[in-house]
Amino acid sequence: MVGERQGHEISMLDATIDMGKKAAATLAFGTCASFGGIPAAKPNPTGAKPVTAIFEENGIKTPVVNVPGCPPHPDWMVGTIAYALTKGLPPVDEYRRPSLFFGSTIHDNCPYLKYYEEGKFARSYGEEGCRLKLGCKGPETYADCWQRQWNNKVNWCVRNAICIGCVQPNFWDEMAPLYEQTTG
Amino acid sequence: MAKKIVIDPVTRIEGHLKIEVEVKDGKVVDAHSTGALFRGFEIILKDRDPRDASQITQRICGVCPTSHASASVRTLDSAFKVKPPKNGRVLRNIILGSDYAWDHVLHFYHLAALDYVRGPGTEPFVPRYDGDYRLDEKTNQVAVNQYLEALKIKALGHELTAMWGGKGPIVQGMVVGGATAIPTREEISGYKERAKKVIDFIANTYLPTVYLIGGAYKDLFNVGTGCKNFLSYGVFCQGPS
């Protein structure tokens, strides 16, 4: 429930359908809205669904742009809105993510890629090397965190620990266990 | 005849709360509270790799994610019978402490205070309930002026969290057995420089404003008190135990 209107409770589902129908375009911000995210993780106790699934089930034709991330980077949201307002809807990938921000993998651009190529893998945190064996999901994760970084470029996940793949449609269930190698 | 009062949503909180009360002859005769954004975290946690818990539980709330990470990793330490090294213990405390600094600022200025401080008559300050606004215009303006400054402090506080937590909100830097980072000299000086500004704001702007506003609502300290006994456990680990 997200509130009441004239004494009747309004669910998130009602609000999504109601507003989605009238919108020129819908921006699904965050991994929950884009792909289901954590509430939709097994066994999905509340039957959570992404915006695209709700639109499809209700015959809503409004275009959807997904800006995933858990949390999503503020630049991804502001950038997508600015693009939409000035140039129209941005080019998107097969998961409707703006290619501008989600165009290539963390791994292919990673500053630690040279370690991967040399076969030098970190076995514990703080060790120099590629983070793959610690569980890093960089090879299957499409985002520009390697370049954009977080919190005014103070840090980012892979430098600090590992990528857990938070922008991907199969985050959580197929990315788990997060701290085991599941890719590469 | 009992009168029913419904407040939904109660206020600006993560998780959405609804309160219904029945009032008869000036007294509450029945009351219901509803947490209306149930997601089922406990159910989702079942049958997963326990190490994933700190990443899952943090997603409960963007105001207090690190507290959940901290509780998860300390529980895992206990379950796996591991003791974090000093670096890990201290870094976890710093990451959690950084979150405390900005999340209290956020809670006050951007969530709680707007029930006492009348914001401007534009979005996002409206729509709002007809509040019990008691501050004189000048005092009210002082708090409103600090709203934007507090947002900058919140961003700076996130930078503190991110320095060894990886990013904020929701950190990567706490794991079972300790912390993931080895601080560099450059990071330590960057941290100190930012922390100085945050601490200065808390001591010289935030706390005086809390006391200033609190002074106008002294009677509320006596509303809704229960048995007045509270259990409080420290969350900052002081030594290897």
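Author: The bend at a residue is the angle between two helix axes, one fitted to the seven residues ending there and one to the seven starting there. In this predicted model, helix 5 of chain B gives such an angle of about 35° at B:Tyr147.

Reader: How do you know that helix 5 of chain B has a span close to the expected one?

Author: Helix 5 covers residues 137-165 of chain B, 29 residues in total, and its first and last C-alpha atoms are 41 Å apart. The expected span is 1.5 Å times one less than the number of residues, and for helix 5 this comes to 42 Å. The value of 41 Å is therefore close to the expected span.

Reader: What makes B:Asp136 a cap of helix 5 of chain B, and at which end?

Author: B:Asp136 sits at the N-terminal end, where one of its side-chain oxygens is 3.1 Å from the backbone nitrogen of B:Lys138. The cut-off for a polar contact is 3.5 Å, so the pair at 3.1 Å counts. Just after helix 5, B:Gly166 has a positive phi of about 95°. In the loop that follows, between helix 5 and strand 4 (174-175), lies B:Pro169. The peptide bond leading from B:Gly168 to B:Pro169 is cis, with omega near -5°.

Reader: Where in chain A is a peptide bond cis?

Author: One such bond runs from A:Ala176 to A:Pro177, with omega near -5°. A:Pro177 belongs to the segment after helix 8 of chain A.

Reader: Why is the pair of B:Arg51 and A:Glu180 called a salt bridge?

Author: The limit is 4 Å between a side-chain nitrogen of Lys or Arg and a carboxyl oxygen of Asp or Glu. The closest N and O atoms of B:Arg51 and A:Glu180 are 2.7 Å apart, so the pair meets the limit. The two partners belong to separate chains: B:Arg51 is in the loop between helix 1 (41-45) and helix 2 (53-58) of chain B, and A:Glu180 is in the segment after helix 8 (157-160) of chain A. Over all chains, the structure has 17 salt bridges. The loop between helix 1 and helix 2 of chain B also holds B:Asp47, a residue other than glycine with a positive phi, near 65°.

Reader: What makes a space a cavity and not a pocket?

Author: A 1.4 Å probe fits in a cavity but cannot get out, whereas a pocket is open. Three cavities of 30 Å³ or more are found in the whole structure. The largest has a volume of about 130 Å³. It is lined by 15 residues, and A:Cys145, A:Cys157, A:Cys163, A:Ile164 and A:Cys166 are the closest to its centre.

Reader: How do the residues of the lining of the largest cavity divide?

Author: Eleven are nonpolar, three polar and one charged. Cys and Ile count as nonpolar, so the five residues closest to the centre belong to the nonpolar group.

Reader: Which residues are the closest to the centre of the second largest pocket?

Author: The second largest pocket has a volume of about 890 Å³. Its lining has 28 residues, and the closest to the centre are B:Val10, B:Thr11, B:Arg12, B:Asp115 and B:Tyr129. The lining as a whole has 17 nonpolar, five polar and six charged residues. Arg and Asp count as charged, so B:Arg12 and B:Asp115 are among the charged ones.

Terms used
Residues are numbered from 1 along each chain as its sequence is written. Chains are lettered from A and ligands numbered from 1 in the order in which they are written. This is a predicted model: local features need pLDDT of at least 70, side-chain atom pairs count only at pLDDT 80 or more; totals for chains, interfaces and linings use all residues. Side-chain values use heavy atoms; hydrogens and water are left out. Helices (H or I, at least four residues) and strands (E, at least two) are DSSP runs, numbered from the N terminus. A polar contact is a pair of N or O atoms within 3.5 Å; within protein, one must be able to donate a hydrogen and the other to accept it, and residues adjacent in sequence count only if both atoms are side-chain atoms. On a 1 Å grid over the protein atoms alone, a cavity is a set of points where a 1.4 Å probe fits but cannot get out, and a pocket is an open set with protein on both sides within 12 Å along at least five of seven lines; lining residues have an atom within 4 Å of a point. Grid points are joined across faces, edges and corners, and a volume is the space filled by probe spheres set on the points.
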